[in-house]
Every structure is written in structure tokens, then in C-alpha cells.
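Here's a short set of exercises to work through with the model open in your viewer. Try each task before you read its solution.

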Amino acid sequence: MAKKVAVLAVNPVNGCGLFQYLEAFFENGISYKVFAVSDTKDIKTNSGISLTVDDVIANLKGHEDEFDALVFSCGDAVPVFQQNADKPYNVDLMQVIKTFGDKGKMMIGHCVGAMMFDFTGITKDKKVAVHPLAKPAIQNGTATDEKSEIDGNFFTAQDENTIWTMMPQVIEALK
């Protein structure tokens with residue numbers, strides 16, 4: 001039986017990245033639920049398209065065991081993360097990432113997904129692909145210049161344009 005995936009979508013989210021994951025999961029019969037990293041299920045893409053997702057991140061806390069994998073779908077909310085780090089939904093984001101990582105679940109992300117994983121300390125001794133501008137921020141893992149990296153339970157890509165380089169392995173691991 002296919003595994004179940006929790007997909008985190010920041011607000012605004014990069015639609016190109018988010019929809020690559022969702023389409024691949026749908027086409028391969030992999031169950032997923034999209035959680036807005038927001039206080040509302042109504043979010044937007046970087047290009048302004050309105051989306052209503054399944055739930056908010058606050059409702060994922062305490063339910064991590066219901067999922068086998070976590071996807072961090074990046075977007076324009078991340079460059080201003082530091083100014084909003086104290087918002088309840090961003091506090092929840094970091095707690096959820098840490099919980100998934102501490103439980104050894106599959107961690108999937110692109111752009112600065114690896115940086116967010118790294119901030120929680122769960123990437124220790126792991127190779128990760130990350131957006132070139134975020135590379136210096138990686139302190140626990142090892143940032144590479146590869147389009148994508150797969151290291152144990154970590155599946156990371158540099159950006160939305162390189163997700164495809166890891167998707168066959170992501171799908172195989174989730175089936």
C-alpha cells in the first residue's frame with residue numbers, strides 16, 4: 001500500500017513546485033493532504049492564483065504518525081520568514097518539521113526546503129540540495145551543488161526546476 005504524505009504549502013507558495021508534487025502523487029495513487037502554513041486554508045501561489053487547501057498546519061501537529069512523509073513546498077513566503085518566524089503557523093511549521101525528522105520519516109523539499117530542515121537540526125551528516133543563495137545557511141548538513149540529493153530519508157532539490165531529477169526516486173520510495 002502506498003504511503004501517505006503531508007504536503008506543506010507556504011503562503012504564497014510556488015505553484016510550479018507544489019503542483020509537480022501533487023500531480024505526481026495523484027498520477028501514482030499516493031495519498032496526500034495539503035496543509036497551509038498559514039492561519040487559513042485559503043492561500044495563493046506566487047503568481048496570485050487563489051487556492052483552498054485541505055487544512056492548516058496547526059491541525060497537523062500531534063498527527064504526524066498518520067503520515068509517512070513530509071513535503072516542504074517553497075514559495076515567496078520564505079524570503080520574509082525571519083520577519084514572521086514568531087507567527088504561530090511558522091512556530092508550528094518548525095515543530096512539525098522537527099517531529100517528522102526526529103521520527104525518521106521521508107523528508108522531501110525543494111529550493112530552501114533543505115534549509116528549513118537544517119534549521120531544526122535534523123539534517124546532521126546528510127547531503128542536501130538547496131537553492132544556491134541558501135547554501136551558506138546550511139550548518140548541520142552538507143549543501144552540495146547537485147540538482148538534487150537523496151541521502152537516506154532526505155530527498156531535496158535545488159529549486160522547482162530540478163524537482164524532476166528526484167521525482168522517480170520519491171515516487172518509488174512512496175509506493
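**Exercise 1. Work out how the lining of the largest pocket divides by residue type, then locate the pocket.**

Keep in mind that this is a predicted model.

- Step 1: sort the lining residues by type. You should get nine nonpolar, five polar and two charged.
- Step 2: check the total, which is 16 lining residues.
- Step 3: look around the centre. Cys 74, Gly 75, Val 78, Pro 79 and Val 112 lie nearest to it.
- Step 4: ask which elements give two or more residues to the lining. Those are helix H2 (81–84) and helix H4 (113–119).
- Step 5: get the volume. The pocket holds about 250 Å³ of space.

**Exercise 2. Put the strands of the seven-stranded sheet in order and find its edges.**

- Step 1: trace the neighbours across the sheet. The order reads S5-S2-S1-S6-S7-S11-S10, and the sheet is open with mixed pairing.
- Step 2: pick out the edges. Strand S5 (55–56) and strand S10 (148–151) each have a single partner strand, so one side of each is left without a neighbour in the sheet.
- Step 3: zoom in on one pair. Strands S1 (residues 4–10) and S2 (residues 31–37) run parallel and are joined by seven bridges.
- Step 4: find a register point in that pair. Tyr 32 in S2 sits opposite Val 5.
- Step 5: add the helices. H3 (residues 88–102) packs on the sheet and touches S1, S2, S6 (69–73) and S7 (106–110), with its direction at about 140° to that of S6. H5 (residues 167–174) also packs on the sheet, touching S1, S6, S7, S10 and S11 (154–157), and its direction makes about 155° with that of S7.

**Exercise 3. Find two backbone oddities in the loops.**

- Step 1: scan omega. The peptide bond from Asn 11 to Pro 12 is cis, with omega near 5°.
- Step 2: place that proline. Pro 12 belongs to the loop between S1 and helix H1 (15–27).
- Step 3: scan phi. Cys 111 isn't a glycine, yet its phi is positive, at about 60°.
- Step 4: place that cysteine. Cys 111 is in the loop between S7 and H4.

**Exercise 4. Decide how compact the whole chain is.**

- Step 1: count the elements. The protein has five helices and 11 strands.
- Step 2: compare radii. The radius of gyration is 14 Å, close to the 16 Å from the globule rule for 175 residues, so the protein is as compact as a globular protein of that length.
- Step 3: get the extents. The C-alpha trace spans about 40 × 35 × 30 Å along its principal axes.

Key:
Residues numbered from 1 in each chain as written. Predicted model: local features only at pLDDT ≥ 70, side-chain atom pairs only at ≥ 80, totals over all residues. Heavy atoms only, no water. Pairing = 2+ DSSP bridges. Helix = DSSP H or I, 4+ residues; strand = E, 2+ residues; numbered from the N terminus. Contact = heavy atoms within 4.5 Å. Axes fitted to C-alpha atoms, helices over the stretch in contact; angles between N-to-C directions. 1 Å grid on protein atoms, 1.4 Å probe; cavity = no way out; pocket = protein on both sides within 12 Å on 5 of 7 lines; lining within 4 Å. Points joined across faces, edges and corners; volume = space filled by probe spheres on them. Nonpolar A, V, L, I, M, F, W, Y, C, P; charged D, E, K, R; others polar. Rg over C-alpha atoms; globule rule 2.2 N^0.38 Å.
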